[in-house]
Each structure stands twice: as structure tokens, then as C-alpha cells.
Amino acid sequence: MSIILSTTTVTHFSHTAYVIIGICLIIISILVFVRGRKISNSLKKEGETHFQAMQAYWIAALVLISGIVSLFR
């Protein structure tokens with residue numbers, strides 16, 4: 001990534017790098033949310049607890065917040 005952004009050190013990322021990272025994190029959070037939804041639907045059929053689904057939702061929320069913060073960094 002540093003070659004694409006023409007930076008020589010890893011610590012001096014430009015704003016473009018943070019935007020790219022933010023967009024990637026938002027996409028990942030959406031995928032994790034979809035995965036949590038699938039887990040929730042499969043557990044609903046079996047009548048089990050939703051602990052795994054809740055974990056997926058919390059992870060998706062935290063990754064989404066990280067992505068939004070990275071966009072405005």
C-alpha cells in the first residue's frame with residue numbers, strides 16, 4: 001500500500017490510505033452482520049441461544065465504528 005500511495009514510511013499514511021482502510025472496514029462489518037443474521041436465523045429454527053449471533057453483531061458494530069473513525073482521520 002505504501003508503494004501505491006508513494007510513501008516511504010509506514011507511519012506517514014496519507015488521508016487516502018485512511019479512507020481506503022475505512023471503506024474496507026465498513027465492508028467487513030457488513031459481511032459480519034450478514035453472517036450474524038444467518039447464525040440468528042439458523043438458531044431460531046433450532047431454538048437455541050443467540051450468544052454467537054450477539055457476538056457477531058457486537059463485532060460488526062465495533063468494526064463499523066472503527067471504519068467510520070478511520071474515514072474521518
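This report describes two serine residues, a nonpolar surface patch and an aromatic pair in a predicted model.

## Ser29 in helix 1

Ser29 is part of helix 1, which covers residues 15-46. Its relative accessibility is 4%, and because buried means under 20%, Ser29 counts as buried. A polar atom of the Ser29 side chain lies 2.7 Å from the backbone oxygen of Ile26.

When neighbours within four places in sequence are left aside, the residues in contact with Ser29 are Ala60, Val63 and Leu64.

## Ser70 in helix 2

Ser70 has its place in helix 2, which is made up of residues 51-71. With a relative accessible area of 8%, Ser70 is buried, and its side chain reaches the backbone oxygen of Tyr18 at a distance of 3.0 Å.

Tyr18 also appears in the list of contacts that Ser70 makes once neighbours within four places in sequence are set aside, and that list continues with Val19, Ile21 and Gly22.

## A nonpolar patch at the surface

Ile23, Ile27 and Leu31 make a nonpolar surface patch, with an area of about 290 Å². Of these residues, Ile23 can be described further: Ile23 lies in helix 1, and its relative accessibility of 43% is the reason why Ile23 counts as partly exposed. The value for Ile23 lies between the limits of 20% for buried and 50% for exposed.

## The aromatic pair

The structure holds one aromatic pair. The pair is formed by Phe33 and Tyr57, whose ring centres are 5.3 Å apart and whose planes stand at 40°, so the pair is classed as tilted. That angle falls between the limits of 30 degrees, under which planes count as stacked, and 60 degrees, over which they count as edge-to-face. Distant parts of the chain are linked by this pair, since Phe33 belongs to helix 1 and Tyr57 to helix 2, with the two residues 24 residues apart.

As for their accessibility, Phe33 has a relative accessible area of 43% and is therefore partly exposed. Tyr57, for which the corresponding value is 22%, is likewise partly exposed, because the buried class is kept for residues under 20%.

Note on methods: Residues are numbered from 1 along each chain as its sequence is written. This is a predicted model: local features need pLDDT of at least 70, side-chain atom pairs count only at pLDDT 80 or more; totals for chains, interfaces and linings use all residues. Side-chain values use heavy atoms; hydrogens and water are left out. Helices (H or I, at least four residues) and strands (E, at least two) are DSSP runs, numbered from the N terminus. Buried means under 20% relative accessible area, exposed over 50%, partly exposed in between (1.4 Å probe, protein chains only). A polar contact is a pair of N or O atoms within 3.5 Å; within protein, one must be able to donate a hydrogen and the other to accept it, and residues adjacent in sequence count only if both atoms are side-chain atoms. Contact means heavy atoms within 4.5 Å. Patches are made of residues with over 30% relative accessible area and no salt bridge: like charges are joined within 9 Å, nonpolar side chains (Val, Leu, Ile, Met, Phe, Trp, Tyr) within 5 Å. Accessible areas come from the Shrake-Rupley method with a 1.4 Å probe; for residues, only the protein chains shown count as cover. A salt bridge is a side-chain nitrogen of Lys or Arg within 4 Å of a carboxyl oxygen of Asp or Glu. Rings of Phe, Tyr and Trp (its six-membered ring) pair if their centres lie within 6.5 Å; planes under 30 degrees apart count as stacked, over 60 as edge-to-face and the rest as tilted.
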